[in-house]
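Colleague: Please pick one part of this model and take me through it closely, one step at a time. I am in my first year, so plain words would help.

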Amino acid sequence: MSQPTTQLSEQIKEIIENEPVSLFMKGTPQLVMCGNSDRALRALRAAGAPVTAVDVLPDPQIRQELSALSGWPTIPQVFIKGELVGGADIVEELYESGELQAKLDEARGADREAAERTAALA
């Protein structure tokens, strides 16, 4: 069942703004439902990022609201400290060049522990 757009939009904004690294993906880290979501997750994990994952599949409104907020039409979408980084291709390129690690270090400080959780929008 869909929630009111403004409430959903606020929940998405809260995750983007308050989580160090958020990944809006198809599926969950335990059950990835899309190759691009898997690629983005693997690059983030390889860089040691603490990932908060949000599954966009249960409610089509999540994807609509997310794209309206970010201006980015496709999934996955990766945010670091509230800033849209991009999708799978960009995250992989940043990882391979070492820039992803630098962004993570800058965002969280050099001292960080990898953590992963799944946020539910309900």
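Modeller: Start at D59, which sits in the loop between strand 2 and helix 3, the latter spanning residues 60-70. The model is a predicted one, and what follows describes that model. Is D59 buried or exposed? Its relative accessible area is 10%, so D59 counts as buried. The cut-off for buried is under 20%. The side chain of D59 has a partner as well: it reaches the backbone nitrogen of Q61 at a distance of 2.9 Å. D59 also has a neighbour from a remote stretch of the chain, L121, which is 62 residues away in sequence but 9.1 Å away in space, C-alpha to C-alpha.

That pattern is worth setting against the whole protein. It has 122 residues, of which 43% are buried. Among contacts with a separation of 6 or more, 67% are between residues 24 or more positions apart. There are 5 helices and 5 strands, and from the N terminus their order is α-β-α-β-α-β-β-α-α-β.

Now go to strand 2, on the other side of the D59 loop from helix 3. Strand 2 runs parallel to strand 1, and 4 bridges join the two. In that pairing, L23 of strand 1 stands opposite A53. Strand 1 pairs with strand 3 too, this time in the antiparallel sense, over 4 bridges. There V21 stands opposite I80.

Strand 1 is the part to look at closely. How many of its residues are buried? The count is 5 of the 5, so strand 1 is largely enclosed by the rest of the structure. In a regular strand, side chains alternate between the two faces of the sheet. Here V21, L23 and M25 point one way, while S22 and F24 point the other way, and all of them are buried.

Take one residue from each direction. On the first side, L23 touches A40, L41, L44, V51, T52, A53, V54, P76, Q77 and V78, leaving aside residues up to four places away in sequence. L23 also belongs to the largest nonpolar core, which has 20 residues; L23, L44, V78, I80 and L100 have the most contacts inside it. At least two residues of this core come from each of strand 1, helix 2, strand 2, strand 3, helix 4 and helix 5. Helix 2 gives the most, with 4 residues. Apart from this core lies another, of 12 residues, and F24 is among them, along with I12, I15 and L66.

F24 points the other way from L23. Its relative accessible area is 0%, so F24 is buried. Which residue pairs its ring with that of F24? A search of the whole structure finds 1 aromatic pair. It is formed by F24 and F79: the ring centres are 5.8 Å apart and the planes meet at 80 degrees, so the pair is edge-to-face. This pair links distant parts of the chain, since F24 is in strand 1 and F79 is in strand 3, 55 residues apart. F79 is buried as well, with a relative accessible area of 4%.

Helix 4, one of the elements that supply the largest core, shows how a helix can be divided between inside and outside. A88, V91 and L94 in helix 4 are buried. They share a side of the helix because the arc they cover around the axis is only 135 degrees. On the other side, E93 and E96 are exposed. The relative accessibility of E93 is 53%, so it counts as exposed. Even so, E93 lies 9.0 Å from A43, C-alpha to C-alpha, with their positions 50 residues apart in sequence. What covers the buried residues of helix 4 includes helix 2, strand 3, strand 4 and helix 5. Just after the end of helix 4, G98 takes a positive phi of about 90 degrees.

To put the close look back together: strand 1 is paired with strand 2 in parallel and with strand 3 in the antiparallel sense. L23 is among the residues with the most contacts in the largest core, and F24 belongs to the other one.

Conventions:
Residues are numbered from 1 along each chain as its sequence is written. This is a predicted model: local features need pLDDT of at least 70, side-chain atom pairs count only at pLDDT 80 or more; totals for chains, interfaces and linings use all residues. Side-chain values use heavy atoms; hydrogens and water are left out. Buried means under 20% relative accessible area, exposed over 50%, partly exposed in between (1.4 Å probe, protein chains only). The arc is that of the directions from the helix axis to the C-beta atoms. Contact means heavy atoms within 4.5 Å. A nonpolar core is a set of buried Ala, Val, Leu, Ile, Met, Phe, Trp, Tyr and Cys residues joined through side-chain atoms within 4.5 Å. A polar contact is a pair of N or O atoms within 3.5 Å; within protein, one must be able to donate a hydrogen and the other to accept it, and residues adjacent in sequence count only if both atoms are side-chain atoms. Rings of Phe, Tyr and Trp (its six-membered ring) pair if their centres lie within 6.5 Å; planes under 30 degrees apart count as stacked, over 60 as edge-to-face and the rest as tilted. Two strands pair if DSSP finds at least two bridges between them.
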